[in-house]
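Work through the exercises below with the model open beside you, and try each task before reading its solution.

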Amino acid sequence: MGEVILEQLVLNFATAGNMNTGEKINQSGKGANWNEVLKDLMPLQINRFEINNGKISYKDFTSNPQIDIYLNNLNLLANNLGNVNHKNKKLPSGITA
């Protein structure tokens, strides 16, 4: 069980092009099963996950015009997060942003 508090988190997602082939390169996480990675590390239970004054952005350097969108001043609170399955017990999680 734990608590995670992130102050002024900055999370960037981007799409760019391979200069040699022109192929788009992105950071989508496609093909990676992060839930399985976390399960392999350890059972995880977070009682409180909080982001204060965060920023999430997405940039596409291959589009014309280029895309640069973002969400500033993000405040988020999530409770009761975990990666363990309890077959006979519901563990609802709440998220407020």
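**Exercise 1. The edge of the sheet**

Which residue in β6 is the bridge partner of Ala78?

Solution. Begin with the source, since this is a predicted model in which local features need pLDDT of at least 70, side-chain atom pairs count only at pLDDT 80 or more, and totals for chains, interfaces and linings use all residues. Residues are numbered from 1 along each chain as its sequence is written, and side-chain values use heavy atoms, with hydrogens and water left out. Now find Ala78 and look across to β6, where its bridge partner is Ile95. This bridge belongs to the pairing of β5 with strand β6 (residues 94-96), which is antiparallel and has three bridges; two strands count as paired if DSSP finds at least two bridges between them.

**Exercise 2. The order of the elements**

Determine how many helices and strands the protein chain has, and in what order they come.

Solution. Helices (H or I, at least four residues) and strands (E, at least two) are DSSP runs, numbered from the N terminus. Counting them gives one helix and six strands, and reading from the N terminus gives the order β-β-β-α-β-β-β.

**Exercise 3. The partners of β4**

Find out how β4 pairs with β1 and with β5, parallel or antiparallel.

Solution. Take strand β1 (residues 2-7) as the starting point: six bridges join it to β4, and the two run parallel. One of the residues to look for is Gly2, whose bridge partner in β4 is Ile46. Next, turn to strand β5 (residues 67-82), which is joined to β4 by twelve bridges and runs antiparallel to it. Finally, follow the chain from β4 to β5, and you will pass through a hairpin connection of six residues.

**Exercise 4. The surroundings of Ser57**

Is Ser57 buried or exposed, and which residues does it touch?

Solution. First place Ser57 in strand β4 (residues 45-60), where it stands opposite Tyr70 in β5. Its relative accessible area is 4%, and because buried means under 20% relative accessible area, exposed over 50% and partly exposed in between (1.4 Å probe, protein chains only), Ser57 counts as buried. Then list its contacts (heavy atoms within 4.5 Å): leaving aside residues up to four places away in sequence, Ser57 touches Leu11, Asn12, Phe13, Ile69 and Tyr70.

Consider Asn12 from this list, which lies in strand β2 (residues 10-17) and is partly exposed at 46% relative accessibility. The side chains of Asn12 and Ser57 make a polar contact at 2.4 Å, that is, a pair of N or O atoms within 3.5 Å, where within protein one must be able to donate a hydrogen and the other to accept it, and residues adjacent in sequence count only if both atoms are side-chain atoms.

**Exercise 5. The salt bridge**

Which residue forms a salt bridge with Arg48?

Solution. Search for a side-chain nitrogen of Lys or Arg within 4 Å of a carboxyl oxygen of Asp or Glu, which is what a salt bridge is. The structure holds one, formed by Arg48 with Glu50, and their closest N and O atoms are 3.0 Å apart. To finish, compare the accessibility of the two partners: Arg48 is partly exposed at 29%, whereas Glu50 is buried at 15%.
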